[in-house]
Amino acid sequence: MIFKRAGLSPQETYKVSRAGKLAKKLLKIMPGQSLDLVLDEQGKLAELYYAYSPIDTLQIIKDDKQNFISSLDTKTVDTRVNYAQGEIKNSLWHAGRDAKLTDNQIMSLANVFSWDIDFALELRAGDSFYVMFEEQYVDGEFIGHGDIVAAQFINQGDAYTGIRYSDGNFYTPEGRSMRKSFLRAPVNFKYISSNFNPKRFHPIQKRVKPHNGTDYRANTGTPVVAAGDGKVTHSTYNKYNGNYVFIQHSSGIVTKYLHFSKRAVKKGQRVKQG
């Protein structure tokens, strides 16, 4: 339809579609995107340009033999480093937003320290963070954020620092991996509604009660993940635990997950951390 509105023939449309593998990208053009068409003196198509991202432009050009040849023009990305900091007042999410971080950056920041800090239950007012991150520019125009380069989180007086290495993983300044055998929390902090409460109030018995596990108050359907690699030894139901899952880890430790609305794994299944 685009070629027809430009007055081009079905034959020209066919020739463009046969201009090499790159030409198949035209089949994925979405509403709102545009093509630049250059016509010759006879009104025939001479050149086509399709900028399908801020970096990449598909160009299809007619050669001397009247054949269309496709190629890709990729612009140089200029990567710069920016900095943000924040202080926790009621949640990491709000502090991240106040620091002008995007949703993805806030989640990436939490992921760096997910082996050391339970962002659902262990944050306190006055905790703080510092983060260095990449920003990407093309021809002087901002096109998006890159990776976190380094970050520090101060939680209840303890400082945790992570630095991104060339392998994409984070390490302490001493060179130790931030990744550990177990996540501090099996639940994403953004799903948890009750922060800053070290004495958990039992929602059923209506009193503060000691507990050998950790209770998270979250909506039905909240995803729960494996704290570490292991094998599912139990995935069943009883009246005390509701739907529950036990995972045996190579270290001899068993982690137990109770009170699910439904289970997503089966007994005997092997699972990865997260």
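Here are some friendly questions and answers about this predicted model.

User: Hi! How many helices and strands does the chain have?
Analyst: Good place to start, and remember that the model is predicted. The secondary structure of the chain adds up to 4 helices and 15 strands.

User: What radius of gyration does the chain have, set against a compact globule of 274 residues?
Analyst: Let's look at the extent of the chain to begin with. Along its principal axes, the C-alpha trace spans about 85 × 40 × 35 Å. A compact globule of 274 residues would come out near 19 Å, but the radius of gyration of the chain is 27 Å.

User: What share of the residues in the chain is buried?
Analyst: A residue counts as buried when its relative accessible area is under 20%. Among the 274 residues in the chain, the buried share is 34%.

User: In which order do the 5 strands of the open sheet run?
Analyst: Strands of a sheet pair through backbone hydrogen bonds, either parallel or antiparallel. In this open sheet the pairing is antiparallel, and the order is 5-6-7-8-9.

User: Which strands stand at the edges of that sheet?
Analyst: The 5 strands form an open sheet in the order 5-6-7-8-9. A strand at the edge has a single partner strand, so one side of it is left without a neighbour in the sheet. The strands in that position are strand 5 (78-87) and strand 9.

User: Which residue is the bridge partner of A150?
Analyst: Strand 7 (residues 141-155) and strand 8 (residues 158-164) pair in the antiparallel sense over 6 bridges. The bridge partner of A150 lies in strand 8, and it is I163.

User: Which helix packs on the sheet?
Analyst: The helix in question touches strand 6 (128-138), strand 7, strand 8 and strand 9. Its direction makes about 35° with that of strand 7. It covers residues 103-112 and is helix 4.

User: Which residue forms a salt bridge with E122?
Analyst: Side chains of opposite charge can pair when their charged atoms come close. Here the closest N and O atoms are 1.9 Å apart. The pair links distant parts of the chain, 62 residues apart: E122 is in the loop between helix 4 and strand 6, and its partner is in the loop between strand 9 and strand 10. That partner is R184.

User: Where in the chain are D147 and R164, which form a salt bridge?
Analyst: The closest N and O atoms of this salt bridge are 3.3 Å apart. D147 is partly exposed, with a relative accessible area of 36%, and R164 is partly exposed at 32%. The two residues are 17 residues apart, with D147 in strand 7 and R164 in strand 8.

User: And how many salt bridges are there in the whole structure?
Analyst: We have met two residue pairs already, E122 with R184 and D147 with R164. Another salt bridge joins R176 and E174, with 3.7 Å between the closest N and O atoms, and both of these residues are exposed. A search of the whole structure finds 7.

User: Is T222 buried or exposed?
Analyst: T222 is found in the loop between strand 11 (207-208) and strand 12 (230-238). Leaving out residues up to four places away in sequence, T222 touches V187 and Y191, and its side chain reaches the backbone oxygen of N219 at 2.7 Å. The relative accessible area of T222 is 18%, which is under the 20% cut-off, so T222 is buried.

User: How far apart are the C-alpha atoms of K190 and A120?
Analyst: K190 sits in the loop between strand 9 (170-171) and strand 10 (201-202). Neighbours within four places aside, K190 is in contact with W93 and M107. K190 and A120 are 70 residues apart along the chain, yet their C-alpha atoms are separated by 7.6 Å.

User: What is the phi of Q156?
Analyst: Most residues other than glycine have a negative phi. Q156 lies in the loop between strand 7 and strand 8 and is partly exposed, with a relative accessible area of 45%. Its phi is positive although Q156 is a residue other than glycine, with a value near 50°.

Definitions and conventions. Residues are numbered from 1 along each chain as its sequence is written. This is a predicted model: local features need pLDDT of at least 70, side-chain atom pairs count only at pLDDT 80 or more; totals for chains, interfaces and linings use all residues. Side-chain values use heavy atoms; hydrogens and water are left out. Buried means under 20% relative accessible area, exposed over 50%, partly exposed in between (1.4 Å probe, protein chains only). A polar contact is a pair of N or O atoms within 3.5 Å; within protein, one must be able to donate a hydrogen and the other to accept it, and residues adjacent in sequence count only if both atoms are side-chain atoms. Contact means heavy atoms within 4.5 Å. Two strands pair if DSSP finds at least two bridges between them. Axes are lines fitted to C-alpha atoms, for helices over the stretch in contact, and angles run from 0 to 180 degrees between N-to-C directions. A salt bridge is a side-chain nitrogen of Lys or Arg within 4 Å of a carboxyl oxygen of Asp or Glu. The radius of gyration is taken over C-alpha atoms; the globule rule is 2.2 Å times the number of residues to the power 0.38.
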